[in-house]
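Here's a quick briefing to read with the model open beside you. Have a look at the chain below before going through the points.

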Amino acid sequence: MSEAKAGAMEMKGEVRLLNLICILAAIVFIALAVLNALYSGDFLTTDNLFITMVCLLMALMFAANPLLYLKSEGKLPIPFMKRPALAGGAQSTIARAGSPATPPLLDARGRAVPPDVKSMVANMKTKQP
């Protein structure tokens, strides 16, 4: 079991390092776009606009991975989106209404499984006689 925890800790360190490198690369590309805008003679030429757009697009590509990771961890607040806690509250009121509560589906390490895995397990259970 301790080997599994060590592997998980190592994986978290790798993800942190990858996200840090991606954020640094995105900042570098944004800085290049700003420098191009500041130090070019005539900014509205085709070449300068092309270089600026390429730098901004590369910054977006490098920033996408850390942003998606933060969203999956629930640490990135997204405006105008319902929070999962509200959905859990609605489920708990339904469970209190009289239906028996089902235990959460857990993996071998005791973590909750993602919704797509839950749906696959539910599909497998309904197909078996």
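**Around Asn-48**

Setting aside neighbours within four places in sequence, Asn-48 makes contact with Asn-36, Ser-40, Asp-42 and Phe-43. Asn-48 sits in helix H2, and its C-alpha lies 7.1 Å from that of Asn-36, 12 residues away along the chain. Keep in mind that this is a predicted model, so every contact here is one in a prediction.

**The chain as a whole**

- The protein chain has 4 helices and 0 strands, so if you read the elements from the N terminus you get α-α-α-α.
- Of its 129 residues, 10% count as buried.
- The accessible surface of the chain adds up to about 10,900 Å², and carbon and sulfur atoms account for 70% of that.
- Take the contacts between residues at least 6 apart in sequence: 45% of them join residues at least 24 apart.**Helix H2**

- Helix H2 covers residues 46-73, which makes 28 residues.
- From first C-alpha to last, H2 reaches 41 Å, close to the 40 Å expected at 1.5 Å a residue.
- Where does H2 kink? Look at Ala-64, where there is a kink of about 30°, shortly before the proline Pro-66.
- Just after H2 comes Gly-74, with a positive phi of about 80°.

**Buried residues in H2**

- The buried residues of this helix are Asn-48, Thr-52, Cys-55, Ala-59 and Pro-66.
- As a general point, an α-helix has 3.6 residues a turn, so residues three or four places apart point the same way.
- Asn-48 counts as buried because its relative accessible area is 13%, under the 20% cut-off.
- Thr-52, also part of H2, counts as buried because its relative accessibility is 9%.
- Which residues does Thr-52 touch, not counting those up to four places away in sequence? They are Ala-33, Asn-36 and Phe-43.
- Asn-36 and Phe-43 turn up among the contacts of Asn-48 and among those of Thr-52.

**Asn-19 in helix H1**

- Asn-19 belongs to helix H1.
- Is Asn-19 buried or exposed? Buried, because its relative accessibility is 8%.
- Leaving out neighbours within four places in sequence, Asn-19 is in contact with Asn-65, Pro-66 and Tyr-69.
- One of those partners, Pro-66, is the proline that follows shortly after the kink at Ala-64, and Pro-66 is itself listed as buried in H2.

**A nonpolar patch on the surface**

- Val-28, Ile-30, Leu-32, Val-34, Leu-35, Leu-38, Tyr-39, Met-53 and Leu-56 make up a nonpolar patch on the surface.
- Together, the residues of the patch have about 900 Å² of accessible area.
- The elements giving two or more residues to the patch are helix H1 (2-39) and H2.
- Which element gives the most? That's H1, with 7 residues.
- Val-34, one of the patch residues, is found in H1.
- With a relative accessible area of 43%, Val-34 counts as partly exposed, because that value falls between the 20% and 50% cut-offs.

Key: Residues numbered from 1 in each chain as written. Predicted model: local features only at pLDDT ≥ 70, side-chain atom pairs only at ≥ 80, totals over all residues. Heavy atoms only, no water. Expected span 1.5 Å × (residues − 1). Bend = angle between axes of the 7 residues up to and from the residue. Buried < 20%, exposed > 50% of the residue type's maximum accessible area, 1.4 Å probe, protein only. Contact = heavy atoms within 4.5 Å. Patch = residues over 30% accessible without salt bridge, like charges linked within 9 Å, V, L, I, M, F, W, Y side chains within 5 Å. Areas by Shrake-Rupley, 256 points an atom, 1.4 Å probe, with all protein chains shown as cover. Salt bridge = Lys/Arg side-chain N within 4 Å of Asp/Glu carboxyl O.
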